[in-house]
Amino acid sequence: MMLAAFVMCQIAAAAPPTTLLIRDSVRRARVPIVASTAGPMLRADALGEMLPIEIRPGAGSSYTLEVWGAKLELEAGVPVVRVKDRAIQLVAAPQLSEDKLLIPLQLVSEVFPSTVPNVRWDADSAQLVLSTPAVKQRRTVIVDAGHGGVDNGMKGPLGGGPRIYEKNITFSVANRLGQQLTARGVDVVYTRTTDTLIALDDRGRIANRAGGSLFISIHVNASSPAWKAKEQRAARGFETYFLSEARTEDARRVEQMENESIRLEGASTTSTEDPLSFILSAMTQNEHLRESSELAEIIQQRLSRIHPGPNRGVKQAGFRVLITASMPAVLVEIGFGTNTAEAAYLSNPSRQDVIASAIADAAMAYLERYEGRVKPGAGIR
Ligand SMILES: [Zn+2]
């Protein structure tokens with residue numbers, strides 16, 4: 001607790017930024033800023049995540065960076081960049097670190113905008129904004145089947161009927177969702193493709209590595225043993241969550257239930273309890289709060305057209321699985337496995353197809369709406 005408070009103070013004391021945000025109309029990525037005695041530096045190759053950058057070594061320790069046809073000539077140890085016939089002074093010399101070229105942040109914030117096409121420096125937010133997506137409309141949706149392996153998730157239904165395990169239903173629906181998205185021309189990355197437990201924190205990391213545009217986690221709800229017996233059996237319907245502080249008792253219940261997997265992750269997990277990285281991750285997800293809630297809204301709308309319901313609405317809670325993903329991310333509770341009728345509905349393959357199709361339509365509607373809103377020239381928000 002003390003440590004967390006200390007860390008928060010450190011952040012509040014406006015430490016220099018540790019990453020540079022680069023965004024275009026489709027994607028955004030963070031490039032780590034490397035602190036050096038000469039000031040903030042960036043690894044030139046790390047820009048490749050967003051920019052079509054070529055780094056060509058020349059004679060000695062000279063390099064040519066080519067971005068969208070612009071050629072920038074640099075030399076390690078020399079604080080000058082040459083572009084065509086111009087020599088531009090840099091605040092610090094490029095450096096070599098473990099064979100990687102480090103360039104001063106100033107090269108990106110001041111020199112790029114006047115020499116490289118399609119880039120602009122947004123001084124207010126200290127972000128590099130690209131007016132043309134480097135990779136044309138590449139869209140990757142991350143599909144996360146909740147639970148797996150030793151973690152069965154919820155079991156149901158209450159009061160008899162064929163037994164269901166959440167992990168099997170989420171797996172089947174997630175696969176169908178992935179197929180539906182692929183059929184709609186979107187790249188899909190699954191966090192798990194077998195009956196295995198992936199640590200909650202790793203699911204977001206998989207998503208980040210894949211450069212996902214969206215993260216959709218599929219789960220099955222369960223009523224609370226604390227409710228009256230009749231209510232426990234009667235509860236049903238679908239709800240979609242985005243990451244934020246839980247606002248209601250019911251959201252806290254679902255948050256607790258879905259975060260429970262952590263206990264089963266055991267020592268093999270790479271999840272870290274480092275409070276700083278946890279807070280930074282939460283801040284990263286914060287950036288996507290509005291988009292995430294919008295995506296949740298569309299999913300609820302689309303599900304309400306096909307799901308017997310009721311529509312339990314868009315909710316928010318502190319889901320561990322959503323924290324590490326730096327992209328709009330939602331968790332869908334597709335129904336209550338504790339309810340006999342809904343457990344049967346959720347385990348019916350043709351119903352699963354319909355649910356998956358509704359969520360896929362929602363994801364497409366979201367992607368189109370989002371891309372429409374941030375088209376180059378329209379200005380980003
Ligand atoms: Zn779950």
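In which sense do β9 and β10 pair, and over how many bridges? They pair in the antiparallel sense, over three bridges. That pairing is one piece of a predicted model, and the chain in it has 12 helices and 20 strands. Here is a friendly tour, starting with the chain as a whole and then moving to the sheet, the zinc site and some local details.

**The chain as a whole**

- The chain has 381 residues, and 50% of them count as buried.
- Its accessible surface comes to about 17,500 Å², with 53% of that belonging to carbon and sulfur atoms.
- Among the contacts in the chain with a separation of 6 or more, 70% come from residues 24 or more positions apart.

**The seven-stranded sheet and helix α2**

- Seven strands make an open sheet in the order β9-β10-β3-β2-β1-β12-β11, and the pairing is mixed.
- The edges are held by β9 and β11 (119–122); each has a single partner strand, so one side of each is left without a neighbour in the sheet.
- On average, neighbouring strands of this sheet are turned by 35° against each other, direction ignored.
- Back at the β9 edge, S97 stands opposite K100 in β10.
- Between β9 (95–97) and β10 (100–104) is a loop that holds D99.
- D99 has a phi near 70°, which is a positive value in a residue other than glycine.
- D99 counts as exposed because its relative accessible area is 73%, and the cut-off for exposed is over 50%.
- Helix α2 (residues 105–115) lies across β1 (19–23), β2 (28–34), β3 (41–43), β10, β11 and β12 (127–130). The helix runs at about 65° to β10.

**The zinc site**

- Coordination of the zinc ion comes from H147 through NE2, H219 through ND1, E166 through OE, and E258, which is listed twice through OE. The distances are 2.0 to 2.5 Å.
- Along the chain, the donors follow the spacing H-x18-E-x52-H-x38-E.
- The two glutamates bring distant parts of the chain together: E166 is in helix α3 (residues 166–183) and E258 is in helix α6 (residues 249–259), 92 residues apart.
- Both of these glutamates, E166 and E258, are buried.
- H147 sits in the loop between β13 and β14. The phi of H147 is near 65°, again positive in a residue other than glycine.
- Why does H147 count as buried? Its relative accessibility is 4%, and the cut-off for buried is under 20%.

**Helix α4 and its surroundings**

- Helix α4 (residues 200–209) is mostly covered, with seven of its 10 residues buried.
- Those buried residues are L200, D201, D202, R203, G204, I206 and A207.
- Their cover includes the strands β13 (140–145), β16 (187–190) and β17 (214–221). It also includes the helices α6, α7 (262–265) and α10 (320–323).
- After α4 comes G211, which has a positive phi near 65°.

**The aromatic pair**

- How many aromatic pairs does a search of the whole structure find? It finds one.
- That pair is Y241 with F319, in an edge-to-face arrangement, with 5.0 Å centre to centre and 90° between the planes.
- The two rings link parts of the chain that are 78 residues apart: Y241 is in strand β18 (residues 238–243), while F319 is in the loop between β19 (311–317) and α10.
- Y241 and F319 are both buried.

**Cis peptide bonds**

- From G156 to P157 the peptide bond is cis, with omega near -10°. P157 lies in the loop between β14 (155–156) and β15 (164–165).
- From G309 to P310 the peptide bond is also cis, with omega near 10°. P310 is in the loop between α9 (289–306) and β19.

**An exposed loop residue**

- A59 is in the loop between β4 (53–57) and β5 (62–67).
- Is A59 buried or exposed? A59 is exposed, with a relative accessible area of 64%.
- From A59 to E75 the C-alpha to C-alpha distance is 9.4 Å, and the two are 16 residues apart in sequence.

Terms used. Residues numbered from 1 in each chain as written. Predicted model: local features only at pLDDT ≥ 70, side-chain atom pairs only at ≥ 80, totals over all residues. Heavy atoms only, no water. Donors = N, O, S within 2.8 Å, 3.2 Å for Na, K, Ca; no water. Helix = DSSP H or I, 4+ residues; strand = E, 2+ residues; numbered from the N terminus. Buried < 20%, exposed > 50% of the residue type's maximum accessible area, 1.4 Å probe, protein only. Contact = heavy atoms within 4.5 Å. Areas by Shrake-Rupley, 256 points an atom, 1.4 Å probe, with all protein chains shown as cover. Phe/Tyr/Trp six-rings, centres within 6.5 Å; stacked < 30°, edge-to-face > 60°. Pairing = 2+ DSSP bridges. Axes fitted to C-alpha atoms, helices over the stretch in contact; angles between N-to-C directions.
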